[in-house]
There are 2 protein chains.
Amino acid sequence: MSEQNTPSKRVTLAEVAKLAGVSQMTASKVMRETGSISGPTHEKVKQAANQLGYVPNRLAGSLRSKSSDIVAVVLPSINDSIFGDVVSGINSVLRPKGYITFIGETQLESQSEEDMLRTVLSLHPAGLILTGGIARSENATQMLQSWRCPTIQIWGDSASRVDGTVGPNHKDAGSLVANHFCERGITAPAYIGAELQKDLCAAERFEAYRSALRSRGISINAIVEDAMPRQWETGRVLAERLMRDHPETDAIYCLNDAIGLGALSWLHQEGFDVPERVAVAGFNGTSWINAVRTRLTTVNVPRYELGQMAATSLTDLLDGKRIASTSQLPAELIYGNTT
Amino acid sequence: MSEQNTPSKRVTLAEVAKLAGVSQMTASKVMRETGSISGPTHEKVKQAANQLGYVPNRLAGSLRSKSSDIVAVVLPSINDSIFGDVVSGINSVLRPKGYITFIGETQLESQSEEDMLRTVLSLHPAGLILTGGIARSENATQMLQSWRCPTIQIWGDSASRVDGTVGPNHKDAGSLVANHFCERGITAPAYIGAELQKDLCAAERFEAYRSALRSRGISINAIVEDAMPRQWETGRVLAERLMRDHPETDAIYCLNDAIGLGALSWLHQEGFDVPERVAVAGFNGTSWINAVRTRLTTVNVPRYELGQMAATSLTDLLDGKRIASTSQLPAELIYGNTT
DNA sequence: CTGCTATGGGTTATCGATAACCTAAACTTG
DNA sequence: CAAGTTTAGGTTATCGATAACCCATAGCAG
């Protein structure tokens with residue numbers, strides 16, 4: 001529309017101050033709504049800022065004030081439907097308070113988490129929300145320790161010293177399913193999963209499931225494939241392997257809903273009656289989002305609320321309040337039509 | 001373990017330089033691998049940095065050099081399974097090149113996008129990846145215009161001047177479904193959707209669908225509820241309303257897969273045979289991720305690749321290469337068992 | 001041996017905002 | 001009405017890194 005004569009130079013606070021006819025400090029105080037400034041002066045500065053389209057440079061601001069409103073969230077993966085909800089919950093609390101969230105993906109690799117952490121710390125965030133219950137590198141733990149940035153951990157626990165942990169009760173999740181299977185009169189329960197050496201929370205559920213059954217004198221068949229991703233396709237593959245190796249299996253507890261749905265898909269394809277011949281249960285509650293006919297029995301995790309709780313804990317911490325070091329969300333079994 | 005005597009002070013480049021016995025500038029050059037530095041000096045600095053656990057302060061670095069490696073990605077929502085994949089694709093390209101991505105959610109609100117943009121620009125990002133095909137505020141457009149930050153737009157087009165757009169061919173998506181319905185001998189096709197005034201891409205698909213059918217002399221019944229979210233529940237509600245108001249309907253094109261699955265869920269519940277009595281089609285391809293028995297016919301969008309293409313365009317742009325102003329990913333109809 | 005260019009490294013100023021402190025006028029209050 | 005306090009605003013120094021420039025010494029050709 002107009003000529004492109006604007007020099008690519010960005011408007012600074014000094015220019016705003018000059019246009020408003022005040023000192024730079026005064027302009028700064030107006031922009032931050034601090035100090036004591038008279039009505040007319042406030043107005044003049046605001047107007048000047050608007051007129052010039054001033055956007056503060058937070059790099060400079062944060063550098064000087066040694067405070068920032070960046071909160072870094074580090075997750076295993078975002079296209080995992082679990083964490084999408086969690087992030088939404090986090091944002092719903094953080095955004096209104098003026099924080100801005102930076103999200104990093106680690107792909108469940110501890111080296112990647114370490115790199116990620118280094119990168120985000122270099123921006124001097126106000127706080128961190130990390131995912132616990134995953135194997136964390138020695139270096140990363142060290143870095144967290146020495147950096148002393150307010151940190152909340154979600155999902156699961158870990159050895160690193162953090163200020164608080166918010167997550168579901170994984171042990172209960174495992175034993176709830178075990179008990180449910182027993183009530184249904186299951187005699188040959190099984191488990192399928194993957195990457196348990198990295199996903200310590202899943203390992204915890206698995207152990208709770210196994211030990212709850214053992215205490216009733218029932219042993220299980222487990223297939224754990226550490227080299228496969230925790231996804232739908234893996235569910236299909238492992239279900240096939242399981243039913244071939246242990247045809248007597250009449251109930252399968254799956255690491256998560258994605259694997260559960262994959263298993264179901266293979267079972268249906270092969271003509272197994274579910275739940276009459278084989279029952280299937282998962283974990284997360286994500287399978288219900290888009291269910292049409294099959295509603296996988298699963299343990300629901302209130303993901304959005306989890307995000308909100310974590311974010312609230314973090315802002316409380318940043319506001320100097322005391323927070324609970326651990327909050328566990330209760331595990332809730334939701335009954336579908338697969339058990 | 002050890003005493004907590006470390007003063008909360010962070011290690012600076014000056015300290016690294018002192019320990020290494022060189023000037024600060026030399027240390028800076030070593031850290032950035034620029035300038036001419038001898039082997040031994042390089043080694044000394046690196047060692048000192050490691051020993052102290054030095055993490056550069058990018059706020060300071062970026063402030064001075066007026067360059068940053070932040071790329072901001074602004075999306076309608078992340079728990080929408082579409083964008084999770086897109087972000088993964090983006091990260092897969094950007095992370096290895098040393099960029100770090102900020103992710104903002106707008107909830108499809110243009111005011112929220114504007115706020116987000118202001119916040120993100122205050123960090124002086126190297127580039128932006130925005131979502132097009134949504135209503136954008138006048139202020140936001142203005143800001144983008146005057147800020148001149150390399151910007152790639154994904155998903156759809158918009159009036160704002162950006163450097164490139166990468167997205168699926170929405171028009172084709174609509175007409176492909178229309179043609180498919182015709183081949184199936186459909187006589188009373190319908191459409192259900194929501195928030196079309198905000199989701200301009202969906203509106204484009206809808207228009208293409210309608211006009212393709214009109215050109216064959218077929219008119220459609222459409223139910224568009226602008227106040228409802230574009231989700232599963234909405235699909236159920238709108239399907240019910242549609243079948244009540246227009247019981248002759250024998251095919252439904254849904255705004256997206258989530259609504260499509262919701263519609264299917266209601267149709268199954270009410271005993272409608274799918275696809276014999278009513279056919280259903282959606283858009284995205286996300287419904288197949290967790291499919292068990294029902295595979296919704298849909299138009300697939302290669303979401304991960306879309307993210308990769310957008311990120312590649314952006315880095316090319318940042319490297320000074322010329323890029324295509326528009327890249328359209330071909331719409332591909334995938335045949336499920338609902339049509 | 002003179003003049004020229006690399007090599008290796010140091011000096012100084014600066015990015016844009018804000019902390020910390022200061023000052024003058026206006027306003028209380030006993 | 002003198003002395004203390006508040007109000008409104010300004011001055012100066014600084015956050016931590018890097019751009020831009022400078023200066024030795026070494027190497028090398030003529």
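Reader: What lies 3.2 Å from a base nitrogen of DNA strand D on the A:S36 side?

Author: A polar side-chain atom of A:S36. That's a polar contact, meaning a pair of N or O atoms within 3.5 Å; within protein, one must be able to donate a hydrogen and the other to accept it, and residues adjacent in sequence count only if both atoms are side-chain atoms.

Reader: And what sort of model and numbering am I looking at?

Author: It's a predicted model, where local features need pLDDT of at least 70, side-chain atom pairs count only at pLDDT 80 or more, and totals for chains, interfaces and linings use all residues. Residues are numbered from 1 along each chain as its sequence is written, chains are lettered from A and ligands numbered from 1 in the order in which they are written, and side-chain values use heavy atoms, with hydrogens and water left out.

Reader: Ok, back to strand D. Which atoms sit by a phosphate oxygen of it?

Author: A polar backbone atom of A:S38 is 2.8 Å from a phosphate oxygen of DNA strand D. For B:S28, an N or O atom in the side chain is 2.5 Å from a phosphate oxygen of that strand.

Reader: How many residues surround DNA strand D?

Author: 27, and the closest are A:T26, A:T41, B:L13, B:S28 and B:Y54. Near here means that one of the residue's heavy atoms lies within 4 Å of the strand. Of the strand D atoms that come within 4 Å of the protein, sugar and phosphate account for 61%.

Reader: Which element has the largest share of that surface?

Author: α4(B), with five residues. Helices (H or I, at least four residues) and strands (E, at least two) are DSSP runs, numbered from the N terminus. α2 and α4 of chain A and α2 and α4 of chain B each supply at least two residues there.

Reader: Now DNA strand C. Which residues are closest?

Author: A:L13, A:S28, A:Y54, B:T26 and B:T41, out of 27 that surround DNA strand C. On that surface α4(A) gives the most, five residues.

Reader: What touches the bases of strand C?

Author: A:Q24 has a polar side-chain atom 3.2 Å from a base nitrogen of DNA strand C, and B:R64 has one 3.0 Å from a base oxygen. As for the backbone, an N or O atom of A:L13 lies 2.4 Å from a phosphate oxygen of DNA strand C.

Reader: Switching topic: how much area do chain B and chain A bury between them?

Author: About 5200 Å², 58% of it on carbon and sulfur atoms. Buried area is the accessible area (1.4 Å probe) that two parts lose on being put together, summed over both. B:R10, B:L59 and B:R293 supply 14% of the area that chain B buries against chain A, more than any other three residues.

Reader: How many salt bridges between chain B and chain A?

Author: Zero, taking a salt bridge as a side-chain nitrogen of Lys or Arg within 4 Å of a carboxyl oxygen of Asp or Glu,. There are 16 residue pairs in polar contact between the two chains, both residues at pLDDT 80 or more.

Reader: Which element of chain B gives the most to the side touching chain A?

Author: α6(B), with six residues.

Reader: Last one, how many aromatic pairs over all chains?

Author: 17. Rings of Phe, Tyr and Trp (its six-membered ring) pair if their centres lie within 6.5 Å; planes under 30 degrees apart count as stacked, over 60 as edge-to-face and the rest as tilted. A:Y191 and A:F206 are a stacked pair, 4.2 Å centre to centre with 20° between the planes.
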